[in-house]
Amino acid sequence: MRKLALHWQILIAIVLAAVVGSIVKQVTTDTFAPGFFGVSFVSVFEFVGAIFLNALKMIIVPLITSSIIVGVAGIGSGGNIGALGIRTLLFYAVTTLAAILIGLITINIMTPGYVDGEPAGDILALEGPPEDISDRIEGRGVGDVVELFKRLVPPNIVMAAAEGQMLGLIFFAILFGFFMTRLQHDYAEPLFKFWNGVFHVMMHMTEFIMKFAPIGVFALIAAVISQTGFAAARPLANFALAVVAALLLHSLITLPLLLRFIGRVKPFATLRAMSPALLTAFSTSSSSATLPVTMDTVEEKVGVSNQVSSFVLPLGATVNMNGTALYECAAAMFLAQAYGLELSFGVQFTIVTIALLTSIGVAGVPSASLVAIAIILAAVGLPVEAIGVLMVFDRVLDMCRTSVNVWGDACCATIIARLRGEETKVAIDTPTRTRS
């Protein structure tokens, strides 16, 4: 009997988690929480999900460092690195801007912040956010955008790795790989063999961890649904629908058009090949935690070379946040509508610009965009306390926008590979392969 493909296992796990989570939610009361031996099911789900998520996070720093160093060193000359870097950053900037504009237009058309023509502020009872979120966003402003770029050059690379400052780690790895190629052969060869060995070890560890992905995905999804359920207020549901619609427009129209006409590949064959990584991103809400799966899928299923994927994908996990940028813009516009404010073109342009800049430095972890949204709200004069109402659907929307983030990274890697002359397994002139 043929083994079920990983993405089907994950998809089945998501469906089962939705069913089990909704049952647990229905039978849970203020005085009774279903479980066994005094331990609630929700606690078990959270524990198993945390173990899986921690296992993925555990390999992020060595995987990113080794993959970028090997990728940059493998590319060779500084001219090639420059060309690859410019193409990658240009693609990321263009697609992120396109995502933001789609979000802006969608919110303006669907106006989820209004109910029956009236601002939804009273219905939402806009109040201050929970204490922990208030602490995170207190004192934030436009000046924090500069701080995001200062992290590019960390004073202590070990501390940057420990604190998860991926932007600084990526910059260091690029420099290390570049100058490693400038050494004499006797020095460069053992260094390359060492980092290449580290990279292959990390990929094997990734494959091992991913064998438990269906269990981890089930636990993560079940924990969320067991606590939040599916019910929410009408304006928030309308906002969630508007965000999902905008994300779908970007992921199913904008990015596939770029794949088709610039990358000359089959868009939906690429989407199908990327399904394990996208489902993992959906379940973990973390593009950084999904990075090992993304790299493995892009190379094995799509056919992109390690030289391209090891440079483009770790960079994209930090600076390319299509879905996050779209959500930041949409959230600011929704809250403005809920307060009954008519934002001028200049204010909306400011929202677009700040969303583009802040999305670059948003950490690839769940709900990290809340701080960026606070920066946008402060910049346009909206009360940051309004962020509290977004928490109802934040985790579910976080899952959706993280999937779009990862899909954007994969599209960039595929297009860059095609522009460099690589064939790939999804090229228009290549027959689609059936994979188990």
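Helices H12 (residues 234-261) and H17 (residues 322-338) pack against each other in this predicted model, their axes coming within 10 Å and crossing at roughly 145°. The crossing of H12 and H17 is right-handed. On the H12 side, the contact uses Pro235, Leu236, Phe239, Val243, Ala246, Leu247, His250 and Leu255. H17 answers with Asn322, Gly323, Leu326, Tyr327, Ala330, Ala331 and Phe334. Sorted by class, that contact between H12 and H17 has 12 nonpolar residues, three polar ones and no charged ones.

One of the H17 contact residues, Tyr327, also has a charged partner: Arg401 lies over the face of the Tyr327 ring, at 3.9 Å from the ring centre. At the last residues of H12, which covers 234-261, there's another arrangement of this kind, with the charged end of Arg260 over the ring of Phe261, 5.4 Å from its centre.

Follow the chain out of H12 and you get to Arg264, in the loop between H12 and helix H13 (267-273). Arg264 has a phi near 55°, a positive value in a residue other than glycine. As for exposure, Arg264 counts as partly exposed, at 42% relative accessibility.

Now for the rings. Searching the whole structure turns up 10 aromatic pairs. One of them joins Phe45 and Phe218 edge-to-face, at 5.8 Å centre to centre and 90° between the planes. This pair ties together distant parts of the chain: Phe45 belongs to helix H2 (residues 41-58), Phe218 to helix H11 (residues 213-228), and their positions lie 173 residues apart in the sequence. Phe45 is buried, with a relative accessible area of 9%, while Phe218 is partly exposed at 23%. The cut-off for buried is under 20%, so Phe45 at 9% makes it and Phe218 at 23% doesn't.

Phe208 and Phe212 are edge-to-face too, because their planes sit at 75°, with the ring centres 5.4 Å apart. Phe212 is partly exposed, with a relative accessible area of 42%. Elsewhere, Phe172, Phe176, Phe194 and Trp195 form one aromatic cluster.

H2 also holds Ser43. Ser43 is partly exposed, with a relative accessible area of 36%. Ser43 and Ala219 are 176 residues apart in sequence, yet their C-alpha atoms are 9.9 Å apart in space.

What about helix H14 (residues 275-284): how many of its 10 residues are buried? Nine of the 10 are, so H14 is largely enclosed by the rest of the structure. The buried set is Ser275, Pro276, Ala277, Leu278, Leu279, Thr280, Ala281, Ser283 and Thr284. Thr280 is a good one to zoom in on: it's in H14 and buried, with a relative accessible area of 1%. Leaving aside residues up to four places away in sequence, Thr280 touches Ile10, Leu56, Met210, Thr290 and Val293. One of these, Leu56, falls inside H2, which covers residues 41-58. Just after H14, Ser285 takes a positive phi of about 60°.

Further along, Ala386 is in the loop between helix H19 (369-380) and helix H20 (391-419). Despite that loop position, Ala386 counts as buried, at 1% relative accessibility. The C-alpha atoms of Ala386 and Gly121 are separated by 9.5 Å, with these positions 265 residues apart along the chain.

After H20 comes a segment that includes Thr424. Thr424 has a positive phi, near 65°, in a residue other than glycine. Thr424 is buried, with a relative accessible area of 9%.

Here are some of the accessibility values together:

| Residue | Relative accessible area | Class |
|---|---|---|
| Phe45 | 9% | buried |
| Phe218 | 23% | partly exposed |
| Phe212 | 42% | partly exposed |
| Ser43 | 36% | partly exposed |
| Thr280 | 1% | buried |
| Thr424 | 9% | buried |

Zooming out, the secondary structure of the protein chain comes to 20 helices and four strands. Of its 436 residues, 52% count as buried. Looking at contacts between residues at least 6 apart in sequence, 83% join residues at least 24 apart. The Phe45 and Phe218 pair, 173 residues apart, is one example of a link between distant parts of the chain.

Terms used. Residues are numbered from 1 along each chain as its sequence is written. This is a predicted model: local features need pLDDT of at least 70, side-chain atom pairs count only at pLDDT 80 or more; totals for chains, interfaces and linings use all residues. Side-chain values use heavy atoms; hydrogens and water are left out. Axes are lines fitted to C-alpha atoms, for helices over the stretch in contact, and angles run from 0 to 180 degrees between N-to-C directions. Helices (H or I, at least four residues) and strands (E, at least two) are DSSP runs, numbered from the N terminus. A crossing is left-handed if the near helix is turned anticlockwise from the far one by less than a right angle, and right-handed if clockwise. Contact means heavy atoms within 4.5 Å. Ala, Val, Leu, Ile, Met, Phe, Trp, Tyr, Cys and Pro count as nonpolar, Asp, Glu, Lys and Arg as charged, and the others, Gly among them, as polar. Rings of Phe, Tyr and Trp (its six-membered ring) pair if their centres lie within 6.5 Å; planes under 30 degrees apart count as stacked, over 60 as edge-to-face and the rest as tilted. Buried means under 20% relative accessible area, exposed over 50%, partly exposed in between (1.4 Å probe, protein chains only). A charge sits over a ring if NZ of Lys or CZ of Arg is within 6 Å of the ring centre and within 35 degrees of the ring normal.
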